[in-house]
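This report describes one protein chain for a reader who has not seen it before. It goes from the whole chain to single helices and residues.

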Amino acid sequence: MSAALSALFALLAALGNATGTVLQRVAARTVPHGDAFSLRLVRYLLRSPAWLGGVAVIVVAAACQALALTLGSLSLVQPLLVIELPFTLLIAAALSRQPLPAAGWAASVMVAAGLGIALAAAAPSGGQTHVSPALWVLTLLATSGAMALCVLAALPRPRGRARAALFGSSSAIGYALTATLMKSATTTFQAHGAGAFFASWQTYGFVAAGACSLFLLANAMESGPLIASQPSLTLGEGLVSLALGILVYGERVRAGWWLVPEAVGAALVTWGVLILPRVELESGPSPATPPSG
């Protein structure tokens, strides 16, 4: 029962994230070219109703994600968030009043079916609630180091696909770290109450990591088209979260012959995720594409 509720809240989080992402992309289209990766970008976005609305929806989605992580494993919840990409496309098509092409529907079905197959085969389970300080230090160093490398590789590059993909990858790692810290904080809340929750460093850690990831995502959207940033963001967050669930919390997935359907499901998800951004570009101007002139 708890796994089913966890999956439900994860899907609600994905829907909220998709809505927020569409609103943020609307705001990202109008960012002046010289404001990238600076405090001017933050000040500009804070004056954008679309961006603020997107953030508000994402905060609600984060609450749903926290409930999902309280009830289920990181290895179950985070891969389900991949469904955010089809949701994003459907919401964008509805707002633009453009019909979704057949390829978009096909890719959405591929992502949903692939997730179902992979998660049913993997059957994520188990896991520990206590994580040693040494393991936390190693996790923070590895993830923050990987994020920094992506940012340092992106900054010298001109606006375009490579820059957007690198910022998207850095944001993906940050969101995976956010979820890892959030799971620890929500477990503390469940076991010891609000006082322990607000006294836990993981609570402030996931807020800081989430804010940093949101800033990196804004730069990914400003840097280039959706087709460049979205696959690295969507697949990267799912893969890094799965790895952190196993390495940090000791969660288990089935191996042996179960790897075959898991691989089939992963291939379907990857294929669908790579197709979906192209579908949005073909159906009209991408909200992540910088305006001309």
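A contact here means heavy atoms within 4.5 Å. Among contacts in the chain between residues at least 6 apart in sequence, 84% join residues at least 24 apart. The model is predicted, with local features needing pLDDT of at least 70, side-chain atom pairs counting only at pLDDT 80 or more, and totals for chains, interfaces and linings using all residues. Residues are numbered from 1 along each chain as its sequence is written, and side-chain values use heavy atoms, leaving out hydrogens and water.

**Whole chain**

The chain holds 12 helices and 2 strands; these are DSSP runs numbered from the N terminus, helices being H or I of at least four residues and strands E of at least two. Their order from the N terminus is α-α-α-α-α-α-β-α-α-α-α-α-β-α. Of the 293 residues, 50% are buried (buried means under 20% relative accessible area, exposed over 50%, partly exposed in between, with a 1.4 Å probe and protein chains only). The accessible surface is about 13,000 Å², and carbon and sulfur atoms account for 74% of that surface. Areas come from the Shrake-Rupley method with a 1.4 Å probe, and for residues only the protein chains shown count as cover.

**Helix α6**

Helix α6 covers residues 102-122, and its 21 residues should span 30 Å at 1.5 Å a residue, which agrees with the 30 Å between its end C-alpha atoms. The expected span is 1.5 Å times one less than the number of residues. Buried residues of α6 include G104, M110, V111, L115 and L119. After α6 comes A123, with a positive phi near 45°.

**A surface patch**

L5, L8, L12, L15 and L71 form a nonpolar patch on the surface, together giving about 370 Å² of accessible area. Patch residues have over 30% relative accessible area and no salt bridge; like charges are joined within 9 Å and nonpolar side chains (Val, Leu, Ile, Met, Phe, Trp, Tyr) within 5 Å. A salt bridge is a side-chain nitrogen of Lys or Arg within 4 Å of a carboxyl oxygen of Asp or Glu. Helix α1 (residues 2-28) gives the most to the patch, with 4 residues.

**Three residues**

| Residue | Helix | Relative accessible area |
|---|---|---|
| L15 | α1 | 38%, partly exposed |
| A266 | α12 (residues 259-282) | 38%, partly exposed |
| Q202 | α10 (residues 201-223) | 9%, buried |

A266 lies 9.9 Å from G116, C-alpha to C-alpha, although the two are 150 residues apart in sequence. Leaving aside residues up to four places away in sequence, Q202 touches W136, L181, S184 and A185.
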